[in-house]
Amino acid sequence: MTTSSSERGVGLGMPELPPPAYPDDVRARLETDAREVIARYPDSRSALLPLLHLVQAEDGYVTRTGMKFCADVLELTTAEVTAVATFYSMYRRRPSGDYQVGVCTNTLCAVMGGDAIFETLQEHLGVGNGETTGDGKVTLEHIECNAACDYAPVVMVNWEFFDNQTPAGAIRLVDDLRAGQPVEPTRGARLCTFKETARILAGFPDERPGAVEEGGSAGHASLVGLRLARGETQPARVVHPRDAAPPEEDTVHEPSPTERLSSHDPVETSASDPAHPSPATARDRGAPPRTPDPSGPTAEEGE
């Protein structure tokens, strides 16, 4: 007995129609910008990544019209452009908010409270992963490692860092974003919208007064290893238990202007948030010290 295509769940509808073209004035403006981008590369197809950011800056996400535009100006097929646009998570495939709020849920951030932050924001905003609030302001998503493990747990807004976050601090952050309040990241320039960020990633200058000067570098903790590798020495620093106050003579690192503290919960971390203790902290506080095996690990024969 055979089954029909409809019974097998196979659609035989008409193929998708070609995407609509940009209006003439928009296309002319984008073509001018595209020529500037393409001129930076010896091979025009190498400009595909920044051109995808360019059309994302126009539409807020990579539309079929935007991909068709990229294919036309680079003399590629739409299949080649689609393959790249769907490979990288930085290119959005559907409408999203003015602020992309990403919560790192990779190993260290998750242990330090990233999972709790993400769950709290989902409940507070009433959205799931990859969804946008009804006012179009915030898109929430969980993201992979952002190479800021020494400031875990980390939240990023339009790729700017908000370090050492807690659930309460993350709620204040998204509330300020939705209310239009000024928000200052831990490192880097003040926030701009996702469309403005996409244009900067396309390689065009940030034209906001003073924004370039505000661009910071890696924080103190991130640069310690580099300084040690260069042979630079620094005073020894004793790390005290979390619940014990350090002696008054201990030196405390004062942040420079390029590593200023975030305006949103810059000091407390999830490990110090009683409502959301990290698993590691809860375990360490209640567990007795482990006694090492005096005989050490057993080596395999021949090692």
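Patches are made of residues with over 30% relative accessible area and no salt bridge (a side-chain nitrogen of Lys or Arg within 4 Å of a carboxyl oxygen of Asp or Glu), and nonpolar side chains (Val, Leu, Ile, Met, Phe, Trp, Tyr) are joined within 5 Å. This is a predicted model, in which local features need pLDDT of at least 70 and side-chain atom pairs count only at pLDDT 80 or more, while totals for chains, interfaces and linings use all residues. Residues are numbered from 1 along each chain as its sequence is written, and side-chain values use heavy atoms, with hydrogens and water left out.

Q: Which residues make the nonpolar surface patch of about 310 Å²?
A: L49, F87 and Y88 make this patch, and Y88 lies in the loop between helix 4 and strand 1 (99–104).

Q: Why is Y88 called partly exposed?
A: Buried means under 20% relative accessible area and exposed over 50%, with partly exposed in between (1.4 Å probe, protein chains only); Y88 has 34% relative accessibility and therefore counts as partly exposed.

Q: What makes D43 partly exposed?
A: D43, placed in the loop between helix 1 and helix 2, has a relative accessible area of 39%, and so it is partly exposed.

Q: Which residues is L74 in contact with, leaving aside its neighbours within four places in sequence?
A: With contact meaning heavy atoms within 4.5 Å, L74 touches I38, S44, A47, L48 and L51. D43 is 31 residues from L74 in sequence, and the two lie 9.6 Å apart in space, C-alpha to C-alpha.

Methods: Patch = residues over 30% accessible without salt bridge, like charges linked within 9 Å, V, L, I, M, F, W, Y side chains within 5 Å. Areas by Shrake-Rupley, 256 points an atom, 1.4 Å probe, with all protein chains shown as cover. Helix = DSSP H or I, 4+ residues; strand = E, 2+ residues; numbered from the N terminus.
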